[in-house]
Amino acid sequence: MLKEFKEFALRGSIVDLAIGVIIGGAFGKIVTSLVNDVIMPIIGLLLGKVDFSNLFIAFGDKSYSTLEEAKKAGAATLNYGTFINNVVDFIIISFCIFIMVKQLSRFSKKKDEVEDATTKKCPYCITDIAKEATKCPNCTSNLEQTSNMEV
């Protein structure tokens, strides 16, 4: 059982996944800092010096000036400012992942295009065949060699 676990843990895909999770966690912390320390203060300033991290509704009879004060008093709170920060955080991370996946798919398309350079379409049955073929293996049509005629 230990041997099987060792083989499982040392597979390339598992190691790649672990590296991705670690980098993703670090990236998440950077984006959270960007949102909380750079973007939201600027948006708050533009909206009239609003501190989103202190936007909350306290349930009960007392009112509190800060979220920290309400938490120290043990009051139940609805922290909608923190929620707004997390939504902006999610949007930024989602956009970054979208850009990364888009770039990776662009590279895989180029690989497919290189592979397609060795094939051509049969003009009769529209299947992929070898570029040098003179007869289609699918529909058995005779194909002209246009590369020799163009000279």
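**Close-up 1. S141 in the loop between β4 and α5 of the predicted model.** With a relative accessibility of 17%, S141 counts as buried, because buried means under 20% relative accessible area. The loop that holds S141 lies between strand β4, which covers 128-130, and helix α5, which covers 146-149. When residues up to four places away in sequence are not counted, S141 touches Y124, T134, K135 and C136.

**Close-up 2. V31 in helix α2 and its contacts.** V31 has its place in helix α2, which is made up of residues 12-46. At 3% relative accessibility, V31 falls under the 20% cut-off and therefore counts as buried. Once the neighbours within four places in sequence are left aside, the residues in contact with V31 are D89, I92 and I93. One of these, I92, is 61 residues apart from V31 along the chain, and the C-alpha atoms of V31 and I92 are separated by 7.3 Å.

**Overview. The chain around the two close-ups, with its 5 helices and 4 strands.** Read from the N terminus on, the elements follow the order α-α-β-α-β-α-β-β-α. The chain has 151 residues, and buried residues make up 15% of them. Of the contacts between residues at least 6 apart in sequence, 24% join residues that are at least 24 apart. The accessible surface of the chain comes to about 12,000 Å², and 65% of this surface belongs to carbon and sulfur atoms.

Methods. Residues are numbered from 1 along each chain as its sequence is written. This is a predicted model: local features need pLDDT of at least 70, side-chain atom pairs count only at pLDDT 80 or more; totals for chains, interfaces and linings use all residues. Side-chain values use heavy atoms; hydrogens and water are left out. Buried means under 20% relative accessible area, exposed over 50%, partly exposed in between (1.4 Å probe, protein chains only). Contact means heavy atoms within 4.5 Å. Accessible areas come from the Shrake-Rupley method with a 1.4 Å probe; for residues, only the protein chains shown count as cover.
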